[in-house]
Amino acid sequence: MISNQVYWISILVFALLATNEILAFDKGHLEIFKKDKICEECGLTKAKLSKMELQGANLRGSNLFRANYYKSDLTGANLSKTNMGRSNMKRTNLQGANLKGADLTRADLREAVLFEANLTGALLEDTKLIGTVLKGAVWTNGQICKDGSLGKCIR
């Protein structure tokens with residue numbers, strides 16, 4: 001009986017340690033990204049990238065879960081197929097960004113600029129969009145958001 005409990009406790013401890021490791025970003029990936037603005041399929045979970053000039057950056061397929069992009073400029077960035085769930089992108093400029101197939105579940109995009117961004121197939125469950133500029137954005141279903149799209153897509 002005791003050996004069975006030790007076994008399960010060991011499994012639980014290992015799982016918790018592995019989870020903590022997964023939730024940390026890869027410092028090598030972060031340095032590559034800061035230098036070149038290119039890091040496809042990178043692990044940047046919880047990375048702190050607020051107030052940065054990241055125009056044209058390529059992060060396609062990267063894990064950006066809970067990353068902080070507050071007030072950063074990601075104009076024209078390729079963020080397709082990224083996991084940006086629970087990320088802070090409040091007041092971030094994402095004008096013309098490619099967010100096709102991105103997971104933005106529970107992300108904070110309040111007062112962000114998504115003018116002419118591509119959100120085709122993006123997941124927006126519980127995403128905060130209050131004050132977000134969506135004029136000209138391609139919505140999740142492929143329709144274009146019309147003038148006056150602020151906080152929600154008017155089609």
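Reader: Let me start with Ser80: is that residue buried or exposed?

Author: Ser80 is buried, with a relative accessible area of 9%, and I should add at once that this value, like everything else here, comes from a predicted model.

Reader: Where in the chain does Ser80 sit, and which residues is it in contact with?

Author: Ser80 belongs to the segment after helix 2. If its neighbours within four places in sequence are set aside, the residues in contact with Ser80 are Arg60, Gly61, Asn98, Leu99 and Lys100. In addition, the side chain of Ser80 is joined to the side chain of Asn78 by a polar contact of 2.8 Å.

Reader: And how far is it from Ser80 to Ala97, C-alpha to C-alpha?

Author: Their C-alpha atoms are separated by 8.7 Å, while along the chain the two residues are 17 residues apart.

Reader: Stepping back a bit, how many helices and strands are there in the protein?

Author: The protein has 2 helices and 0 strands.

Reader: What share of the residues counts as buried, and what does the accessible surface come to?

Author: Of the 155 residues, 33% count as buried. The accessible surface comes to about 8800 Å², and 55% of that surface belongs to carbon and sulfur atoms.

Reader: How much of the contacts comes from residues 24 or more positions apart?

Author: Among contacts with a separation of 6 or more, residues 24 or more positions apart account for 1%.

Reader: New topic, cysteines. How many disulfides does a search of the whole structure find?

Author: The search finds 2 disulfides, and when the bonded cysteines are numbered in sequence order the pairing reads 1-2, 3-4. One of these disulfides joins Cys39 to Cys42, with an S to S distance of 1.6 Å, and the other is formed by Cys145 and Cys153, whose sulfur atoms are 2.0 Å apart.

Reader: Which hand does the Cys39 and Cys42 link have, and are those cysteines buried or exposed?

Author: The link of Cys39 and Cys42 is left-handed, with -90 degrees about the S-S bond, and both Cys39 and Cys42 are buried.

Reader: Why is the disulfide of Cys145 and Cys153 given the hand it has?

Author: The torsion about the S-S bond of Cys145 and Cys153 is about -115 degrees, so this disulfide is left-handed. As for burial, Cys145 is buried at 3% relative accessibility, and Cys153 is buried at 10%.

Reader: On to charges, then: what is the count of salt bridges?

Author: The count comes to 7 salt bridges. One of them pairs Glu111 with Arg91, and the closest N and O atoms of that pair are 2.9 Å apart. Glu111 and Arg91 each lie in the segment after helix 2 (27-36), so the salt bridge ties together parts that are 20 residues apart in sequence.

Reader: What is the relative accessibility of Glu111 and of Arg91?

Author: Glu111 has 40% relative accessibility and counts as partly exposed, and Arg91 is also partly exposed, with a relative accessible area of 39%.

Reader: Which residue does Asp108 meet in a salt bridge, and is Asp108 buried or exposed?

Author: Asp108 meets Arg110, their side chains forming a salt bridge of 2.6 Å from N to O. Asp108 counts as buried, at 11% relative accessibility, whereas Arg110 counts as partly exposed, at 27%.

Reader: What about Lys135, which partner does that one have?

Author: Lys135 forms a salt bridge with Asp147, and their closest N and O atoms are 3.4 Å apart. Lys135 and Asp147 are 12 residues apart, each in the segment after helix 2, and the pair links distant parts of the chain. Lys135 is partly exposed, with a relative accessible area of 36%, whereas Asp147 counts as exposed at 56%. Elsewhere, salt bridges that share partners join Glu40, Glu41 and Arg60 into one network.

Reader: Last thing, the backbone: what is the phi of Lys46, and of Arg106?

Author: Lys46 has a positive phi of about 65 degrees although it is not a glycine, and Arg106, also not a glycine, has a positive phi of about 60 degrees. Lys46 lies in the segment after helix 2 and is partly exposed, with a relative accessible area of 38%. Arg106 has its place in the segment after helix 2 and counts as partly exposed at 45% relative accessibility.

Definitions and conventions. Residues numbered from 1 in each chain as written. Predicted model: local features only at pLDDT ≥ 70, side-chain atom pairs only at ≥ 80, totals over all residues. Heavy atoms only, no water. Helix = DSSP H or I, 4+ residues; strand = E, 2+ residues; numbered from the N terminus. Buried < 20%, exposed > 50% of the residue type's maximum accessible area, 1.4 Å probe, protein only. Contact = heavy atoms within 4.5 Å. Areas by Shrake-Rupley, 256 points an atom, 1.4 Å probe, with all protein chains shown as cover. Salt bridge = Lys/Arg side-chain N within 4 Å of Asp/Glu carboxyl O. Polar contact = N/O pair within 3.5 Å; in protein donor to acceptor, adjacent residues only side chain to side chain. Disulfide = S-S within 2.5 Å.
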